[in-house]
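Thanks for coming. I will take a few minutes to walk through one model, and you can follow along on the screen.

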Number of protein chains: 2
Amino acid sequence: MSVLIVGSTALDSIKTPYAHNPRLLGGSASHAAVAASFFAPVKLVGIVGEDFPKRYVQLYHKHNIDLEGLQIAPGKTFHWSGEYEVNMNNRRTLTTELGVFETFTPILPKSYQNSQFVLLANIAPGLQQHVLNQMRRPKFIVADTMDLWLNIALKDLLKLLRHVDGFVLNESEARQLVNEDNLVRAAKKIHKLGPKYVIVKKGEHGAILSSPSGIFLSPAFPLHSVKDPTGAGDSFVGGMMGYLSTAPGPIDKNLRRAMIYGSVVASFCCEGFGLNATTRVTRAAIEKRATELKAMTHWKS
Amino acid sequence: MSVLIVGSTALDSIKTPYAHNPRLLGGSASHAAVAASFFAPVKLVGIVGEDFPKRYVQLYHKHNIDLEGLQIAPGKTFHWSGEYEVNMNNRRTLTTELGVFETFTPILPKSYQNSQFVLLANIAPGLQQHVLNQMRRPKFIVADTMDLWLNIALKDLLKLLRHVDGFVLNESEARQLVNEDNLVRAAKKIHKLGPKYVIVKKGEHGAILSSPSGIFLSPAFPLHSVKDPTGAGDSFVGGMMGYLSTAPGPIDKNLRRAMIYGSVVASFCCEGFGLNATTRVTRAAIEKRATELKAMTHWKS
């Protein structure tokens with residue numbers, strides 16, 4: 001089963017205290033798509049400008065990502081630049097040049113409209129909704145978001161939440177969305193907005209799933225070295241949805257394992273700039289780390 | 001097997017945005033001793049003043065805590081007061097009145113000197129060392145600490161670390177002690193200072209154990225409501241050492257489970273002011289929460 005992924009396709013210029021890497025392949029859809037590609041075929045929906053480097057198209061191809069839904073428009077590719085502090089937890093945006101994203105309207109090719117697994121990666125909730133409107137009857141829809149949309153497009157986001165099965169957001173966004181400091185209570189309130197599955201991302205501390213079958217505390221793989229955490233959250237949901245689309249049986253039965261695979265791909269993402277480390281990963285390396293993560297979290301009672 | 005616990009025995013006045021509770025029973029040794037008492041008999045080493053309320057002595061008795069090593073000295077009991085912010089993660093000390101603690105020299109009764117499990121709860125490292133010096137050959141020694149000792153008694157602490165099996169400290173203390181931001185690398189550096197087992201506490205995010213048999217990511221029990229986190233870290237090590245002292249077989253085999261029990265007792269601690277919630281807990285309630293925590297963290301591969 002393939003996964004349809006819509007989101008941003010961008011060029012990222014990333015500064016850390018140790019290095020500066022201009023115009024890397026980035027954007028929520030790029031990270032999510034590559035992460036998902038280790039498990040399932042991916043159909044990408046996005047937009048790039050005429051300046052989009054050929055080598056990045058080749059990189060998508062290398063990962064068997066279907067690009068029929070990738071628009072190439074006159075103008076410049078969305079460009080984001082940001083800078084991380086020493087501990088890699090705080091980052092600030094230096095510049096955001098929307099380019100062709102300013103007028104983006106996602107259009108789904110016919111071959112995409114029957115997709116069963118849909119990941120609405122981080123992008124304006126109005127655009128996420130527009131993708132959903134073009135689909136037949138997907139089996140499982142997950143939306144990601146960011147604080148910006150809570151601030152400037154809350155109405156669109158709340159409308160979208162009534163139509164998704166799963167919703168992914170980080171700790172501070174969860175607190176802000178329902179005005180609730182306690183995360184367990186915040187997740188309960190978010191369920192009431194629509195999503196059956198609420199996943200709160202906590203970065204290096206893992207993620208919490210709140211679902212009909214209870215809470216799951218999903219661990220993050222402990223890393224010796226973090227080079228660039230950009231895209232880790234997108235890799236997490238991408239890997240999760242990729243695995244989920246291939247796992248036989250009900251979602252409830254597979255979602256924990258899917259989050260673990262997502263978490264493992266996210267850990268590789270952090271070990272290189274942009275997609276540099278992720279694209280070098282093999283399925284075998286992912287399986288190895290998933291086994292290690294199990295050994296680090298399970299105990300005998 | 002009993003556990004010997006030395007640390008502070010104090011009166012805590014705690015303010016949160018929701019309540020103010022003066023002169024609660026507190027201190028690292030009090031929290032650790034009550035937590036350990038659910039699993040094993042406890043021998044307490046500490047000091048209180050003549051103002052120490054009788055009801056707190058009765059509370060120790062109720063938990064079968066041996067008080068032969070508790071000195072009652074002329075003067076006032078150590079009194080700490082502090083205030084928490086809304087999210088309960090940040091607290092500031094309002095006053096610290098050392099009282100009888102100023103001249104405390106821990107003296108071990110004969111009946112304590114053969115104890116096999118020793119918890120050096122948070123107190124000046126010089127005093128922790130002084131307790132160790134009076135012991136025969138304990139089987140397993142764990143020390144806890146706080147940032148204050150890193151700042152004003154680092155030399156004593158480094159000396160102590162050469163003589164303990166396990167060392168417990170929080171994230172920021174681990175980073176400060178070995179000047180290393182990455183926690184996995186920090187734990188490795190701390191091993192070189194002596195301890196075979198390094199446990200880094202991360203509050204609501206659980207704890208990380210680094211040991212000869214690898215890393216264990218110990219979860220924190222997700223709470224719907226946190227009333228007062230004071231003493232949670234002490235409850236964690238107390239519960240851990242209490243359980244460990246009763247578990248047959250090698251430390252390596254039991255330590256993960258011991259951390260889970262510690263984490264569960266710590267979760268109860270947070271649900272009431274001071275020791276109010278902890279003292280109401282039953283072993284059955286602890287077992288129930290440990291089972292729930294397993295259900296929230298395990299997955300099938």
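Let me begin with one residue. B:E171 has a relative accessible area of 16%, so this glutamate counts as buried. This is a predicted model, so please hear every value as computed from predicted coordinates. B:E171 sits in helix α6 of chain B, which covers residues 171-178. What does B:E171 touch, once neighbours within four places in sequence are left aside? In its own chain the contacts are B:L183, B:V200, B:K201 and B:K202, and from chain A there is A:H205.

One of those partners deserves its own look. B:K202 is in contact with B:E171, and this lysine is placed in the loop between β11 (197-201) and β12 (207-211) of chain B. Is B:K202 buried or exposed? Its relative accessibility is 12%, so it counts as buried. Not counting residues up to four places away in sequence, B:K202 touches A:E204 and A:H205 in chain A, and B:E171, B:L183, B:A207 and B:I208 in chain B. B:K202 and B:N170 are 32 residues apart along the chain, yet their C-alpha atoms are separated by 6.1 Å. So A:H205 appears among the contacts of B:E171 and also among those of B:K202.

Next, chain A as a whole. DSSP runs give ten helices and 13 strands in this chain. How does its radius of gyration fit with a compact globule? For 301 residues such a globule would have a value near 19 Å, and chain A has 18 Å, so the two agree. Along its principal axes the C-alpha trace spans about 60 × 45 × 35 Å. Of the 301 residues, 61% count as buried. Among contacts in chain A with a separation of 6 or more, 64% are between residues 24 or more positions apart. The exposed area of chain A is about 12,300 Å², and 52% of that comes from carbon and sulfur atoms. As for charge, chain A has 34 positive and 24 negative charges, and their mean positions are 7 Å apart.

Now two places in chain A. A:S81 belongs to strand β6, residues 79-84. Its relative accessibility is 9%, which means that it counts as buried. Leaving aside neighbours within four places in sequence, A:S81 is in contact with A:S13 and with A:R92, A:T93, A:L94 and A:T95. A:S81 and A:F104 are 23 residues apart in sequence, and their C-alpha atoms are 20 Å apart in space.

The other place is A:G99, in the loop between β7 (91-97) and β8 (117-120). At 30% relative accessibility, A:G99 counts as partly exposed. A:G99 and A:G75 are 24 residues apart along the chain, and 6.4 Å separates their C-alpha atoms.

Back to chain B for another loop. B:Q134 is found between α3 (125-133) and β9 (140-144). Which residues does B:Q134 touch, not counting those up to four places away in sequence? They are B:P106, B:I107, B:L108 and B:Q113. From B:I107, B:Q134 is 27 residues away along the chain, with a C-alpha separation of 8.0 Å.

A word on backbone angles. Most residues other than glycine have a negative phi. B:R23, in strand β3 (residues 20-26), has a positive phi near 50°. At 37% relative accessibility, B:R23 counts as partly exposed. B:N64 also is not a glycine and has a positive phi, of about 55°. B:N64 lies in the loop between α2 (54-62) and β5 (65-73), and at 62% relative accessibility it counts as exposed.

Last, the cysteines. How many disulfides does a search of the whole structure find? Zero, over all chains. A:C269 is in no disulfide, and the nearest cysteine sulfur, that of A:C270, is 5.4 Å away. Why is B:C269 not bonded to B:C270? The sulfur of B:C270 is the closest cysteine sulfur to that of B:C269, but at 5.4 Å it is too far for a bond; the cut-off is 2.5 Å. A:C269 is at 0% relative accessibility and counts as buried. B:C269 is buried too, with a relative accessible area of 0%.

That is the tour, and I will take questions.

Key. Residues numbered from 1 in each chain as written. Chains lettered and ligands numbered in written order. Predicted model: local features only at pLDDT ≥ 70, side-chain atom pairs only at ≥ 80, totals over all residues. Heavy atoms only, no water. Buried < 20%, exposed > 50% of the residue type's maximum accessible area, 1.4 Å probe, protein only. Helix = DSSP H or I, 4+ residues; strand = E, 2+ residues; numbered from the N terminus. Rg over C-alpha atoms; globule rule 2.2 N^0.38 Å. Contact = heavy atoms within 4.5 Å. Areas by Shrake-Rupley, 256 points an atom, 1.4 Å probe, with all protein chains shown as cover. Lys, Arg positive; Asp, Glu negative; His and termini not counted. Charge placed at Lys NZ, Arg CZ, Asp CG, Glu CD.
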